[in-house]
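Hello,

Here is the structure I promised you. Please open it next to this email and follow along.

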Amino acid sequence: MPQNELTPAMAFTGLLLQNHPDAIAWISGDATDSTLNGSVKFYQTSYGGILVEAQIFGLPDISVPGSSNFYAMHIHESGDCSDHFSHTGLHYNPGNTDHPDHAGDMPPLLGNQGYAFSVFYDKRFTLQDIIGRSVIIHEKPDDFTSQPAGNAGNKIGCGRIERFV
Ligand SMILES: [Cu+2]
Ligand SMILES: [Zn+2]
């Protein structure tokens, strides 16, 4: 591709710089991961898909020098983060397919001594599909094989997806 051609990445970067997403989930940890916090932002794009930006602080291995670990991240059916995230349901899966073909399956976070920053383009869902649902972060990576949830372990962070106003 010629260097002067407009790529999707250029448009995406512009969206991120505006810092005005169309929807946002403020992520909080549970009692056992009380330092975990951050945001997952969703931007509508002109390419039909959604740009997702996640920034998370306080992942479990924050105090382990040099740590760099994967944490599963999914959109779950329900946006109710109460009672230790026990009401969030399964992965958002309108097509009733096997994992990891759920619309709510997303790339794992790469935690770097407790901090993760990730941006990706996702065409599995629309904004309307996910408002009122939750973003869940798990203690382990997703194996993208086990049914129905990738053997990702406990839920350590949760945030309800809301329209950004
Ligand atoms: Cu999950
Ligand atoms: Zn899944």
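Leaving aside its neighbours within four places in sequence, which residues is methionine 73 in contact with? Keep in mind that this is a predicted model. Beyond that sequence window, the contacts of methionine 73 are Ala54, Met106, Pro108, Leu109, Val135 and Ile137.

Met73 also belongs to the largest nonpolar core, which has 35 residues. Ile56, Met73, Val135 and Ile137 are the ones with the most contacts inside this core. Several strands each give at least two residues to the core: β1 (23-29), β2 (37-44), β3 (50-57), β4 (68-76), β5 (105-112), β7 (134-138) and β8 (155-163). The largest share is five residues, and it comes from β3.

Now look at glutamate 53, which is also in strand β3. Is glutamate 53 buried or exposed? The answer falls in between. Glutamate 53 has 19 C-beta neighbours inside 10 Å, so it counts as partly exposed. A buried residue needs 20 or more.

Next, find lysine 41. Lysine 41 and glutamate 53 are twelve residues apart along the chain. Their C-alpha atoms are separated by 5.1 Å. Leaving aside neighbours within four places in sequence, glutamate 53 is in contact with Leu16, Lys41 and Val119.

Last, turn to helix α1, residues 8-18. How many of its eleven residues are buried? The number is zero, so the helix lies largely in the open. Asparagine 19 follows α1. Its phi is positive, near 55°.

Best wishes

Methods. Residues are numbered from 1 along each chain as its sequence is written. Chains are lettered from A and ligands numbered from 1 in the order in which they are written. This is a predicted model: local features need pLDDT of at least 70, side-chain atom pairs count only at pLDDT 80 or more; totals for chains, interfaces and linings use all residues. A nonpolar core is a set of buried Ala, Val, Leu, Ile, Met, Phe, Trp, Tyr and Cys residues joined through C-beta atoms within 7 Å. A residue is buried if 20 or more other C-beta atoms lie within 10 Å of its own, exposed if 12 or fewer, and partly exposed in between; C-beta atoms are placed from the backbone. Helices (H or I, at least four residues) and strands (E, at least two) are DSSP runs, numbered from the N terminus. Two residues are in contact if their C-beta atoms, placed from the backbone, lie within 7 Å.
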